[in-house]
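Let's walk through this structure together, one piece at a time. Keep the 3D view open and follow along as we go.

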Amino acid sequence: MAARGRKPSFEELALKSLSTPYNAAHHRFAVLIACITFCLLVAGALVTSNDAGLSVPDWPTSFGSLYKIPRWVGGVRYEHSHRMVAEFVGLLTIILAVWTWRADKRRWMKWLGVAALGTVIAQGVLGGLTVLFYLPPAISTSHAAVGQTFFCIACAIALFTGRGWVEDAPQTAMDTQRPTLITLTLLSIFVLYVQLVLGAMFRHHGMSWWPHVLNAPIVAIVLTWTAIRAMTQYSKIEAVQRPAILMLGLLITQLCLGFLAFTTRVAWGKDAVQPETAMIASTVAHVAVGALLLAATVILAIQVWRHVPVAHEEKVPGAEPKAVAA
Amino acid sequence: MRLKLLLTFFVPLLGFCVLTACNQQKSSEQSHAATPSGPPPVPIDPATVASVSGTVHFDGTAPEMVPIDMSNDPACKGDNKAETVVVNSGKLANVFVYVKDGLGNRTFPAPANTVVIDQTGCRYRPHVAGVMAGQKLDIRNDDPTEHNVHAIGMQNAQWNESQMPKATPIEKSFDRPEIMLPIKCNQHPWMKMYVNVVASPFYAVTDADGKFEIAGLPPGTYTVAFVQEKLGEQDQQITLGAKDKKTLDISYKAQ
């Protein structure tokens, strides 16, 4: 154990993860929430792409009722199903937060469960506000960004409750290069968030398409750099290798989908009198893969933080520089 | 403790109320500012009034009216085509024509009659309408399905209400002039129409043959604006003498 007042070493921090037993049911439940949240993101994207955001004019009720299911036609089918999946995710998140608080011995995990609950509540309120204020771009964009943030938290909880995280001692390798891999992964998350906000602002009529398109090459460069560094330098660490490969694959898919979405919405669809199938399919897929890409990048950052500690040069007068863990 | 509670909850609430009150006062000041000042307007003499009429032409190949797919609601039946640009034998329908300038400081009371917009066949009839600021507008639902009616005002407040089949008409009015104010249904995303809110009764919408007429104008020089939802606005100057009946034809070019 680390002595009181002394900063614990990396190995000690890693050992801390052994302090809670693996709980298969808890982990499966977290995975289930992450999967349903992904479906919720797709349902939300369908609402926007079908221009159905205001088809149910009231909130928190739907056509004046909290429990009655309205006729599922036209835009109501998208908006109301989105609300129902969202309520289900909210309910599951309450259960997860309580379960984590009671079953997980890691203090930070208890608070992560609470943070997930807080995020899902904030997301619900943003969804309501966007209806009550007739889809203002700032609120609708915040709803899109917080939704994907919740998805990342759900994926992180699924990772932290997994057997690999709880039971396996981390395989580590020092990072001696600059910029460090953790810096690159954090930069990747940052540029992806910027891209998410720009894309959501365009989708919700708050901004032109060109800032989102101009930022795409920056995202591509930063993420490719990060993925190649992770794949080439840490090829033996599977926990880093897998999300890096996934991130690169999703990036390529996302760039192709972005081109398709641009073509179907901006080039072909600008005078469309109603949402067309090609536009709906490409834009919804673009949002969905974007969410997966952000989540994969967050997982990569977490795994890099765990497995690739940053080496600092210790300067001893008259001696050769020596790499030590931070 | 109580003082802390008071400070925590009531001070922000008080601030919000003050801000809201200031905002309302500002709006009220703005609406007063819109009232024309200066010498009282010359009354219109019915014996000297003139009129302007004409035709709006469309040069070039008319765009095809795209059929609308209404399959997402089985209650929406019949043929429905996009009405973005409606051309009949080279004449352009649904162009809003109004006197944009030249009436000076004259003000006109809102007429007592109600403008009706009907939802039938999952489309709005008419597709383009004109009303005066403050005039009543009735929105009816003659479809066997539910609609939501969403007015997306920029100068006027937005509203969004659902309307069951054969429900009581939604009665509304718009307080401020606003050209091409969209009204749409998010349940049936192809349903869109435009209401034009003006300050004078001198307006018209071109019919299926592209024709319009604005009557009862006092003699003077006017700017007449032609506004089409996709093709934009064209302005024309015209001078009318007493009892004049002038013709004003314009053309929109194919884009």
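Start by finding B:Ala225, whose bridge partner in β17(B) is B:Asp235. Keep in mind that you're looking at a predicted model. Now look for B:Val227: its bridge partner in β17(B) is B:Glu233.

Those two pairs are part of something bigger. Strand β16 of chain B covers residues 220–228, and it pairs with β17(B) in the antiparallel sense over 9 bridges. What do β16(B) and β17(B) form? They make a hairpin, with 3 residues between the two strands. If you're wondering what holds strands side by side, strands of a sheet pair through backbone hydrogen bonds, and the pairing can be parallel or antiparallel.

Now zoom out a little. The hairpin strands belong to an open sheet of 4 strands in chain B, running in the order β14-β4-β16-β17, and the pairing is antiparallel. Which strands sit at the edges? They are β14 (203–205) and β17 (232–240) of chain B, and each of them pairs on one side only. The sheet isn't flat either: from one strand to the next, the twist averages 25°.

Next, let's hunt for empty space. The structure holds 1 cavity of 30 Å³ or more, and the largest cavity has a volume of about 40 Å³. Which residues line the largest cavity? From chain A you'll find A:Phe63, A:Pro70, A:Arg71, A:Val73 and A:Val76, while chain B brings B:Thr145, B:Glu146 and B:Gln187. Sort the lining by character and you get 4 nonpolar, 2 polar and 2 charged residues.

Conventions. Residues numbered from 1 in each chain as written. Chains lettered and ligands numbered in written order. Predicted model: local features only at pLDDT ≥ 70, side-chain atom pairs only at ≥ 80, totals over all residues. Heavy atoms only, no water. 1 Å grid on protein atoms, 1.4 Å probe; cavity = no way out; pocket = protein on both sides within 12 Å on 5 of 7 lines; lining within 4 Å. Points joined across faces, edges and corners; volume = space filled by probe spheres on them. Nonpolar A, V, L, I, M, F, W, Y, C, P; charged D, E, K, R; others polar. Pairing = 2+ DSSP bridges. Axes fitted to C-alpha atoms, helices over the stretch in contact; angles between N-to-C directions.
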